[in-house]
Amino acid sequence: MHISSSIINPRMNCSQAPGFTLLGLSREPEKWQHFFIIFLGLYLLGLLGNLLLLLAIGSDVHLHTPMYFFLSQLSLVDLCFITTTAPKTLETLWTGDGSISFSGCLSQLYFFGVFADMDNLLLAVMAIDRYAAICHPLLYPLLMTPCRCEVLVSGSWGIAHCVSLMYTLLLSQLYFHTNQEIPHFFCDCRPLLLLSCSDTHLNEVLMMALAGVLGVSAVLCIVSSYVCIFYAVARVPSAQGKRKALTTCSSHLSVVLLFYSTVFATYLKPPSTSHSSGEVVAAVMYTLVTPTLNPFIYSLRNKDVKSSLRRVLNIEKSQD
């Protein structure tokens, strides 16, 4: 009887607060230095680009409009997004020690979820803004008032925090085998679920449901907005008018395609599937490359932002 009770104990050698080891980008130490240089360069470039864009928008009163308000929020989110994962990855590559506590892993997971969801929601909000500006230009000042813009952004922050908190709380209730290795460079839901010795069915179902509702809602909002925008642009008689209308959307559309292509490559598969190196590459694009490129996509294609950046840089140069 005693032997039987020991055998059927489902949580033997399991812990609710285990330690993990992040394996990083490669198991080959000779490649760590190269990855460190690349990651550090992208991280510093992302910090610089997003900080400059925030400074340019904040310092120029001509850019205090709904479109640039949403863009400044996207830059703030991207700044926080890359800071959630990049410092720990750089530490792992530099020291070769990827150990992370359970509480540290959950904290990283929580903030990663918040900023990833905010990127998703802000892209949808920005699509709504472009729809209002192009399809209803005369009503635009009444539709996108400062109060409504703040409500849209505040609501997005609230949803992102709630969804991420639910993910984190569900994961915190699971048991994990001790001293597990995570085949990733940061703590994410999918690899953590694969390491659990608890029943993860409820977590998988809720994760897919919440991610599906949030992701599909945002994508439908973006697609429907652009369908209306393209229909409105097609009715514009002059080629110059069409070009001007589409120019205001080109940067946003580029960021949307870049963001969702990397997200789908990373997550569009069942949670029980084993983690692959291809997903790690897609995750690097999603968590570091895309947030780094976003400010440059917007600034290089926008005359107002470029002129504001020139003024900011000239001011800083004169002060030096």
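Helix α6 makes the biggest contribution to the lining of the largest cavity, with 3 residues. Keep in mind as you look around that this is a predicted model. Two topics follow: the cavity, and then the surroundings of V263.

**The cavity**

- At a threshold of 30 Å³ or more, the structure contains 1 cavity.
- The volume of the largest cavity comes to about 50 Å³.
- Rolling a probe the size of a water molecule over the atoms is what reveals where empty space remains.

**Its lining**

- If you would like to select the lining of the largest cavity in your viewer, pick Y167, L170, L171, C189, L193, N203 and M207.
- Three helices each give at least two residues to this lining: α6 (146–172), α7 (189–195) and α8 (201–234).
- By residue class, the lining has 6 nonpolar residues and 1 polar residue, with no charged ones.

**V263 and its surroundings**

- For a look at another spot, go to helix α9, which spans residues 239–267 and includes V263.
- Is V263 buried or exposed? V263 has a relative accessible area of 14%, and because buried means under 20%, V263 counts as buried.
- Leaving aside residues up to four places away in sequence, V263 is in contact with L268 and Y286.
- V263 and E279 lie 16 residues apart along the chain, and their C-alpha atoms are 9.8 Å from each other.

Technical notes:
Residues numbered from 1 in each chain as written. Predicted model: local features only at pLDDT ≥ 70, side-chain atom pairs only at ≥ 80, totals over all residues. Heavy atoms only, no water. 1 Å grid on protein atoms, 1.4 Å probe; cavity = no way out; pocket = protein on both sides within 12 Å on 5 of 7 lines; lining within 4 Å. Points joined across faces, edges and corners; volume = space filled by probe spheres on them. Helix = DSSP H or I, 4+ residues; strand = E, 2+ residues; numbered from the N terminus. Nonpolar A, V, L, I, M, F, W, Y, C, P; charged D, E, K, R; others polar. Buried < 20%, exposed > 50% of the residue type's maximum accessible area, 1.4 Å probe, protein only. Contact = heavy atoms within 4.5 Å.
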